[in-house]
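Visitor: Please show me the model, and then I will ask about burial, packing and one polar residue.

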Amino acid sequence: MDPVKQVTQGSARVPAQTRALAAPDGRRERETARPGARGEHTHSERPVPQPRVAVQRSSVRGQILDALRTALVTGELRPGEVYSAPVLGDRFGVSATPVREAMQQLALEGAVEVVPNRGFRVVQRGARELAELAEVRALIEVPVMLRLARTVPAERWAELRPLAEETVRAAAAGCPATYAESDRAFHGALLSLSGNEQLVRTATDLHRRSQWPPVRRSRGYLVADAAEHMALLEALIAGDVDVVRGLVAEHFAGAS
């Protein structure tokens with residue numbers, strides 16, 4: 001299914017009420033505000049909160065952000081192309097505002113670039129930049145994994161087996177978007193055992209950047225990559241640091 005259209009089809013349809021709530025002219029917000037408030041307040045009167053509006057708008061933006069990420073990974077949004085928020089909003093059936101907010105988040109993540117007065121350009125990355133990203137990821141993740149291999153008990157590693165198995169299933173399905181998500185989840189879970197949230201956040205950001213724009217990988221490549229996840233996890237459970245060292249070196253070499 002067209003990932004950009006997923007938001008407006010089936011159970012993920014964005015309701016008309018939600019679109020009204022996100023309307024940029026603020027008419028819906030005025031309807032829910034207390035009569036006569038008009039946004040101003042005094043020291044003796046606290047502004048009336050509107051959590052329902054914020055929650056629903058956040059939900060719309062989140063749905064669009066997920067759909068845009070899928071479209072990037074599958075290549076539907078093509079590297080080098082410029083896309084405007086109003087045009088994408090028409091495809092989603094929502095106003096340009098939540099689309100623009102989602103695109104701004106993607107700009108922070110390095111997936112798109114802001115083009116003033118035009119929209120957002122999907123980034124283009126050459127082989128050298130992708131290799132550099134893989135090298136930086138290895139510099140961060142490999143030492144952490146080797147340290148954790150010596151300190152984390154086997155039962156904690158075993159808890160991550162479902163995530164490794166999920167990468168195997170995603171690889172067999174051959175869906176690059178699903179595999180990209182499961183791949184990040186597995187690596188993030190490994191690193192989270194360090195207890196360092198900043199490290200996990202930085203590594204995940206680098207991982208996501210290395211997946212956009214998508215490098216065309218065969219199903220066989222994905223299956224082999226997922227198999228490395230399983231082998232790495234088994235070595236971590238066994239506490240075999242030498243095998244772990246060899247596997248992570250091979251894994252990141254293949255990612256470049």
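Visitor: What percentage of the 256 residues of the protein chain count as buried?
Guide: This is a predicted model, in which local features need pLDDT of at least 70, side-chain atom pairs count only at pLDDT 80 or more, and totals for chains, interfaces and linings use all residues. Residues are numbered from 1 along each chain as its sequence is written, and side-chain values use heavy atoms, leaving out hydrogens and water. Buried means under 20% relative accessible area, with a 1.4 Å probe and protein chains only. Of the 256 residues, the buried share is 42%.

Visitor: Which element gives the largest share of the largest nonpolar core?
Guide: A nonpolar core is a set of buried Ala, Val, Leu, Ile, Met, Phe, Trp, Tyr and Cys residues joined through side-chain atoms within 4.5 Å. The largest one has 28 residues, and W157 and L160 are among those with the most contacts inside it. Elements giving two or more residues to this core include α9 (176-192) and α12 (241-255). The largest share, 7 residues, comes from α6.

Visitor: Is Q211 buried or exposed?
Guide: Q211 lies in the loop between α10 (197-210) and α11 (219-238), where helices are DSSP runs of H or I, at least four residues, numbered from the N terminus. Its relative accessible area is 12%, so Q211 is buried.

Visitor: Which side chain does a polar contact of 2.6 Å join to that of Q211?
Guide: Beyond its neighbours within four places in sequence, Q211 is in contact (heavy atoms within 4.5 Å) with A180, D183 and R184. A polar contact is a pair of N or O atoms within 3.5 Å, one able to donate a hydrogen and the other to accept it. The 2.6 Å polar contact joins the side chain of Q211 to that of R184.

How values were computed. Buried means under 20% relative accessible area, exposed over 50%, partly exposed in between (1.4 Å probe, protein chains only).
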